[in-house]
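Welcome, and thanks for taking a look at this one with me. Below are a few numbered points to read alongside the model.

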Amino acid sequence: GTALLVVDLMDSGNFMPVLMAGIGLDRASDSFGGTSSGHHIEGGLGLEYRARGGLTLGVDLRLGGRSIDEQIAPTSFALFAPQGLQAGEYRTGRVTLGIRF
């Protein structure tokens with residue numbers, strides 16, 4: 001989960017550039033009994049088209065970093081064990097469709 005702060009940069013008609021900053025918690029588990037938990041911080045820029053009727057279309061790009069807080073290995077001995085969360089940097093893109101009211 002991520003808590004995200006979105007700031008409108010300037011009002012330029014129907015197009016709105018936005019700045020985003022977020023922080024969140026990560027948790028993953030697998031069928032072998034392994035679990036991972038961590039946290040992440042991310043930030044980025046986006047652009048939204050806001051029509052007068054309330055329709056909103058947007059796109060954003062974000063860069064982030066994840067740290068692993070706890071990782072418990074699976075208890076079974078398997079030849080293949082899936083990878084849990086990985087620490088490091090990541091990039092993400094998102095396209096949104098929404099209705100403002």
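1. A word on terms before we start: a residue is called buried when its relative accessible area is under 20%, exposed when it is over 50%, and partly exposed in between. By that yardstick, 26% of the 101 residues of the chain count as buried. Please keep in mind that this is a predicted model.

2. What is the chain built from? It has five strands and zero helices, so to speak a plain β-β-β-β-β when read from the N terminus on.

3. Sequence distance is worth a thought as you trace the chain. Take the contacts between residues at least 6 apart in sequence: 56% of them join residues at least 24 apart. As for the surface, the chain exposes about 7,100 Å², and carbon and sulfur atoms supply 62% of that area.

4. How many salt bridges does a search of the whole structure find? The count is six. As background, side chains of opposite charge can pair when their charged atoms come close.

5. A good one to look up is the salt bridge between the side chains of Asp 8 and Arg 50, with an N to O distance of 3.0 Å. Asp 8 belongs to strand 1 (residues 2–8) and Arg 50 to strand 3 (residues 35–50), so this pair ties together parts that are 42 residues apart in sequence. Are the two partners buried or exposed? Arg 50 has 18% relative accessibility and therefore counts as buried, while Asp 8, at 40%, counts as partly exposed.

6. Next, please find Arg 62 and Glu 42, which form a salt bridge whose closest N and O atoms are 2.5 Å apart. Because Arg 62 sits in strand 4 (residues 55–72) and Glu 42 in strand 3, the pair ties together parts that are 20 residues apart in sequence. Arg 62 is buried, at 9% relative accessibility; Glu 42 is buried too, with a relative accessible area of 9%.

7. Arg 62 also has a salt bridge with Asp 60, where the side chains meet at 3.1 Å, N to O. Both of these residues are buried.

8. Which residues are linked in a network of salt bridges? Glu 42, Asp 60, Arg 62 and Arg 94 are. If you view them together, you can place the Arg 62–Glu 42 pair and the Asp 60–Arg 62 pair within that network.

Terms used. Residues numbered from 1 in each chain as written. Predicted model: local features only at pLDDT ≥ 70, side-chain atom pairs only at ≥ 80, totals over all residues. Heavy atoms only, no water. Helix = DSSP H or I, 4+ residues; strand = E, 2+ residues; numbered from the N terminus. Buried < 20%, exposed > 50% of the residue type's maximum accessible area, 1.4 Å probe, protein only. Contact = heavy atoms within 4.5 Å. Areas by Shrake-Rupley, 256 points an atom, 1.4 Å probe, with all protein chains shown as cover. Salt bridge = Lys/Arg side-chain N within 4 Å of Asp/Glu carboxyl O.
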